[in-house]
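Visitor: Hey, got a minute to walk me through this one? I'd like to start with the strands.
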Amino acid sequence: IKRGEAKLIADADLRCIVKNFKCTELCRGTHIPPSFVYINSLGGREIFADPVTTIYGNTFEKQELEFLIKKMGQDPTAQKPLDGHQFFSNAVIRQEVEDWLFQLIWKELVLNSELRE
């Protein structure tokens with residue numbers, strides 16, 4: 001990508017990349033907003049891909065929560081009964097994470113294109 005090119009990467013294409021992006025090397029050394037991160041069942045930190053919020057107001061990664069509901073039958077934070085139908089998608093966090101990743105990837109693309117010039 002060269003500065004001034006009329007056709008870079010279409011916004012929609014980059015959004016598609018963001019939705020399928022796993023934050024690895026690109027995120028190292030980058031400040032990740034704490035609200036974008038969850039602790040997985042193995043104790044590792046990961047960035048939300050499919051955040052959901054329970055009826056008790058706690059946000060989890062959907063796959064993690066489904067695993068924990070099967071294992072414990074409760075909201076792990078509230079420690080109150082919870083089944084597989086008592087949570088909903090957290091569209092706000094999902095959009096914030098996608099926007100942040102979009103900016104991070106775009107910045108990397110621009111930086112790399114400037115280095116090649």
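Guide: Sure. One thing to settle before that: two strands pair if DSSP finds at least two bridges between them. Also, this is a predicted model.

Visitor: Okay, so in what sense do S3 and S4 pair, and over how many bridges?
Guide: Strand S3 (residues 51–54) and strand S4 (residues 59–61) run antiparallel, with three bridges between them. Pro-51 sits opposite Glu-61 in S4.

Visitor: How many residues lie between the strands in that hairpin?
Guide: There are four residues between S3 and S4, and Gly-57 in this hairpin has a positive phi near 90 degrees.

Visitor: What about S3 and S5, in what sense do they pair?
Guide: Antiparallel again: S3 pairs with strand S5 (residues 87–89) over three bridges. There, Val-52 stands opposite Ser-89.

Visitor: Which S3 residues point which way?
Guide: Pro-51 and Thr-53 point one way, Val-52 and Thr-54 the other, and all are buried.

Visitor: Switching to charges. How many salt bridges does the structure hold?
Guide: One. Arg-94 forms a salt bridge with Asp-50, and their closest N and O atoms are 2.6 Å apart. The pair links distant parts of the chain, with Arg-94 in helix H3 and Asp-50 in the loop between strand S2 (45–47) and S3, 44 residues apart.

Visitor: Why does Asp-50 count as partly exposed?
Guide: Because its relative accessibility is 25%, and buried would need under 20%, exposed over 50%. Arg-94 is partly exposed too, with a relative accessible area of 26%.

Visitor: Now the aromatics. How many aromatic pairs are there?
Guide: The count comes to two, taking rings whose centres lie within 6.5 Å. For Phe-36 and Trp-100, the ring centres are 5.9 Å apart and the planes are at 65 degrees, so that pair is edge-to-face.

Visitor: Where do Phe-36 and Trp-100 lie?
Guide: Phe-36 is in the loop between helix H1 (11–19) and strand S1 (37–39), while Trp-100 is in helix H3 (residues 91–116). The pair therefore ties together parts that are 64 residues apart in sequence.

Visitor: And Phe-36, buried or exposed?
Guide: Phe-36 counts as buried, at 6% relative accessibility. Trp-100 also counts as buried, at 16%.

Visitor: So what does H3 bring to these contacts?
Guide: Helix H3 holds Trp-100 of the ring pair, and Arg-94 of the salt bridge is in H3 as well.

Note on methods
Residues are numbered from 1 along each chain as its sequence is written. This is a predicted model: local features need pLDDT of at least 70, side-chain atom pairs count only at pLDDT 80 or more; totals for chains, interfaces and linings use all residues. Side-chain values use heavy atoms; hydrogens and water are left out. Rings of Phe, Tyr and Trp (its six-membered ring) pair if their centres lie within 6.5 Å; planes under 30 degrees apart count as stacked, over 60 as edge-to-face and the rest as tilted. Helices (H or I, at least four residues) and strands (E, at least two) are DSSP runs, numbered from the N terminus. Buried means under 20% relative accessible area, exposed over 50%, partly exposed in between (1.4 Å probe, protein chains only). A salt bridge is a side-chain nitrogen of Lys or Arg within 4 Å of a carboxyl oxygen of Asp or Glu.
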